[in-house]
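Work through the exercises below with the model open. Try each task before reading its solution.

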Amino acid sequence: MLTVRLSQISDIEVIMDIYDHAKNFMAVCGNRGQWGNGYPQRKLIESDIENGYSHVVTGSGGRIVGVFSFIIGSDPTYAEIEGAWLDDSAYGTIHRIASAGVEKGVADCCLAYCLSKIGNIRIDTHSDNVPMRRWIAKSSFNFCGIIHTDNGSPRLAFQLRK
């Protein structure tokens with residue numbers, strides 16, 4: 001059974017290994033552009049942990065099998081969209097979701113956890129991230145438009161209301 005808990009600074013090595021695994025998986029799947037230049041940097045993940053945004057998904061024996069950041073509140077990256085959000089009510093944003101690739105259901109567990117905290121979720125992904133786009137569609141997110149990251153890179157933006 002998969003469970004979610006807040007990340008701890010002592011989890012950082014395992015978390016960074018999971019992100020390395022995810023970057024390799026994305027490259028194999030034809031998505032070389034989403035997490036380039038060392039993203040996500042260790043400093044960013046440490047900040048996520050300190051701010052209570054970083055969460056780990058644990059599997060059998062308490063082994064960390066996934067990681068994600070979940071932030072409730074306005075996301076500056078989502079302030080401007082080429083398109084339209086479903087609504088402007090309070091929402092949570094899932095960022096930097098990654099799996100170690102050793103257990104199925106990590107993303108589903110993440111989403112269930114986030115929906116238990118707030119019934120309005122936003123997420124974005126690179127257009128080349130086909131596995132994530134499939135999961136987003138399977139999870140009944142609605143496509144809302146295009147947002148741009150801090151460096152100007154476009155991302156497909158989605159929203160799910162419970």
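**Exercise 1.** Which helices and strands each supply at least two residues of the lining of the largest pocket?

*Solution.* The model is predicted: local features need pLDDT of at least 70, side-chain atom pairs count only at pLDDT 80 or more, and totals for chains, interfaces and linings use all residues. Residues are numbered from 1 along each chain as its sequence is written, and side-chain values use heavy atoms, without hydrogens and water.

Step 1. Take helices (H or I, at least four residues) and strands (E, at least two) as DSSP runs, numbered from the N terminus.

Step 2. Helix H1 (12–28), helix H2 (42–50), E5, H3, E6 and H4 each meet the criterion.

Step 3. E5 gives the most to this lining, six residues.

**Exercise 2.** Find the residues that lie nearest the centre of the largest pocket.

*Solution.* Step 1. The lining has 49 residues.

Step 2. Gln34, Trp35, Arg96, Ile97 and Met132 lie nearest the centre.

**Exercise 3.** Which residues does Phe141 contact, leaving aside its neighbours within four places in sequence?

*Solution.* Step 1. Apply the contact cut-off: heavy atoms within 4.5 Å.

Step 2. The partners are Leu111, Ile121, Ile123, Trp135, Ile136, Phe158, Gln159 and Leu160.

**Exercise 4.** Which element supplies the largest share of the largest nonpolar core?

*Solution.* Step 1. Such a core is a set of buried Ala, Val, Leu, Ile, Met, Phe, Trp, Tyr and Cys residues joined through side-chain atoms within 4.5 Å. Buried means under 20% relative accessible area (1.4 Å probe, protein chains only).

Step 2. Of its 24 residues, Val57, Phe68, Ile94, Leu111, Ile121 and Phe141 touch the most other members.

Step 3. Strand E3 (64–72), strand E5 (92–99), helix H3 (106–117), strand E6 (120–125), helix H4 (130–138) and strand E8 (154–161) each supply at least two residues. H3 has the largest share, six residues.

Note on methods
Buried means under 20% relative accessible area, exposed over 50%, partly exposed in between (1.4 Å probe, protein chains only). On a 1 Å grid over the protein atoms alone, a cavity is a set of points where a 1.4 Å probe fits but cannot get out, and a pocket is an open set with protein on both sides within 12 Å along at least five of seven lines; lining residues have an atom within 4 Å of a point.
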